[in-house]
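Work through these exercises with the model open beside you. Try each task before you read its solution.

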Amino acid sequence: MRSRGWARWALLVALTAVVTAGMAVAAVPSPALFAGLIVATGLALAGWAPARVSRSATTLAQAVIGVVIGVLAQPSTLTGLAADWLPVLLVSVGTLALSMGAGLLLGLRPGVTPLTGMLALTAGGASGLVAISRDLGGDDRVVAVVQYLRVGLVTASMPIVAALVFGASATTAAGTDTGGPPWFVDVGFLVLCAAAGLALAHVTRVPAGGLLGPMAVAIALNLAGWSFGATPPTLVVEVAYAVIGWQAGVRFTRESLRMVVGVLPLATALIVAVIVACAGLGLLLAHLTGATPLEAYLATTPGGVYAVLATAVSAGADATFVVAVQVLRLIAMLLVAPALARLVGRRGEAQSP
């Protein structure tokens with residue numbers, strides 16, 4: 001029996017590695033997470049998947065993703081918003097409100113709770129929200145599929161809108177690769193942030209502490225200038241993403257898959273509506289801050305921060321401003337989402353018969 005369990009894990013790992021490589025070539029966002037979700041779902045439906053992913057593995061994966069998000073908060077990036085902090089904050093709140101409101105509408109569909117709908121459509125930090133959705137009481141299967149549908153639609157539409165609506169064209173800006181610290185600095189920084197963050201989460205008992213604790217420590221060290229340019233090793237990050245994908249995928253059944261597929265038409269319509277509404281907020285941000293319409297549009301797109309950065313650099317836009325707005329919203333969203341999730345979850349329980 002134990003050998004059969006090891007064989008299932010070996011098959012899951014091997015297939016995930018192959019599919020991840022293929023998705024990376026196709027430039028799919030977070031390829032390991034998406035590959036892990038697809039492979040685990042397929043094996044679960046065939047009856048060949050492991051029974052579950054252990055709680056400790058999931059917690060460690062959340063910690064790694066928390067550090068990945070935390071290192072985005074670079075002092076040089078965020079200080080660029082000092083003069084425009086109020087309009088940026090207002091527009092960021094508006095973006096979150098729009099996406100969460102759309103999520104609550106998705107939660108009106110039978111089979112989807114308001115909590116799951118809100119987590120599934122909240123803009124930004126797809127990997128973070130998928131990682132913590134089960135801890136918060138949501139259905140991580142729906143959240144994973146809809147979140148990556150959102151990322152896919154945003155990523156696919158962004159270059160087209162930037163070119164056709166805002167007249168963006170590719171430039172040949174040359175960059176310099178300054179390299180990074182030695183690998184042991186990256187590993188040490190990750191271990192320090194994860195250990196301290198998990199201990200902090202245990203003491204404070206914050207919701208989704210497995211992600212938020214390490215993220216908070218990484219942000220603090222980054223802003224204090226004590227990170228020494230460290231970033232979590234790529235291989236470790238990919239494994240963490242895969243674990244989060246497996247966590248949701250191994251729980252799929254034929255019935256749950258039919259339910260998720262049935263959600264997609266409404267989810268797609270709501271995602272498109274959110275993208276259009278966020279573009280409107282971008283125009284407002286451009287008026288309030290003096291940023292170009294293209295920069296404001298890229299700053300307010302509901303997700304896809306790495307695709308946003310690539311588009312901004314390619315078009316010669318102010319990438320620092322664009323990424324700063326995206327990162328500020330992403331961090332604010334992950335800090336606020338657990339509290340809102342608890343509120344929505346309690347209201348849902350109170351209204352249920």
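**Exercise 1.** Why does Thr300 count as buried?

*Solution.* Keep in mind that this model is predicted. Step one: take the cut-off, since buried means under 20% relative accessible area. Step two: read the value for Thr300, which is 1% relative accessibility. Step three: compare the two. Thr300 counts as buried because its relative accessibility is 1%.

**Exercise 2.** Find the helix that holds Thr300, then list what its side chain and its other atoms meet.

*Solution.* Start with the helix. Thr300 sits in α13, which covers residues 293-300. Next, follow the side chain. It comes to 3.1 Å from the backbone oxygen of Cys278. The Thr300 side chain also reaches a backbone oxygen at 2.8 Å, that of Ala296. Last, collect the contacts, leaving out residues up to four places away in sequence. Thr300 then touches Val91, Thr95, Cys278, Leu281, Gly282, Leu285, Gln326 and Arg329. Cys278 thus turns up as a touching residue and as the owner of a backbone oxygen reached by the side chain.

**Exercise 3.** Decide whether Gly117 is buried or exposed, and describe its surroundings.

*Solution.* First, place the residue. Gly117 belongs to helix α6, residues 114-121. Second, check its accessibility. The value is 0%, so Gly117 counts as buried. Third, name its contacts, again skipping residues up to four places away in sequence: Gly103, Leu106, Gly107 and Val112. Fourth, measure a distance on screen. Gly117 and Asp139 are 22 residues apart along the chain, and their C-alpha atoms are separated by 9.0 Å.

**Exercise 4.** Which residues form a nonpolar patch on the surface with about 510 Å² of accessible area together?

*Solution.* Mark Trp85, Leu86, Leu89, Leu90 and Val93; these make up the patch. Now zoom in on one of them. Leu89 lies in helix α5, which runs over residues 85-106. Its class needs two limits: buried is under 20%, exposed is over 50%, and partly exposed is in between. Leu89 has a relative accessible area of 41%, so it is partly exposed.

**Exercise 5.** Step back and describe the whole protein chain.

*Solution.* Count the elements: the chain has 15 helices and zero strands. Turn to burial: of the 353 residues, 49% are buried. Then look at the surface. Its accessible area is about 16100 Å², and carbon and sulfur atoms account for 70% of that. Finish with the contacts. Take those between residues at least 6 apart in sequence; 77% of them join residues at least 24 apart.

Technical notes. Residues are numbered from 1 along each chain as its sequence is written. This is a predicted model: local features need pLDDT of at least 70, side-chain atom pairs count only at pLDDT 80 or more; totals for chains, interfaces and linings use all residues. Side-chain values use heavy atoms; hydrogens and water are left out. Helices (H or I, at least four residues) and strands (E, at least two) are DSSP runs, numbered from the N terminus. Buried means under 20% relative accessible area, exposed over 50%, partly exposed in between (1.4 Å probe, protein chains only). A polar contact is a pair of N or O atoms within 3.5 Å; within protein, one must be able to donate a hydrogen and the other to accept it, and residues adjacent in sequence count only if both atoms are side-chain atoms. Contact means heavy atoms within 4.5 Å. Patches are made of residues with over 30% relative accessible area and no salt bridge: like charges are joined within 9 Å, nonpolar side chains (Val, Leu, Ile, Met, Phe, Trp, Tyr) within 5 Å. Accessible areas come from the Shrake-Rupley method with a 1.4 Å probe; for residues, only the protein chains shown count as cover. A salt bridge is a side-chain nitrogen of Lys or Arg within 4 Å of a carboxyl oxygen of Asp or Glu.
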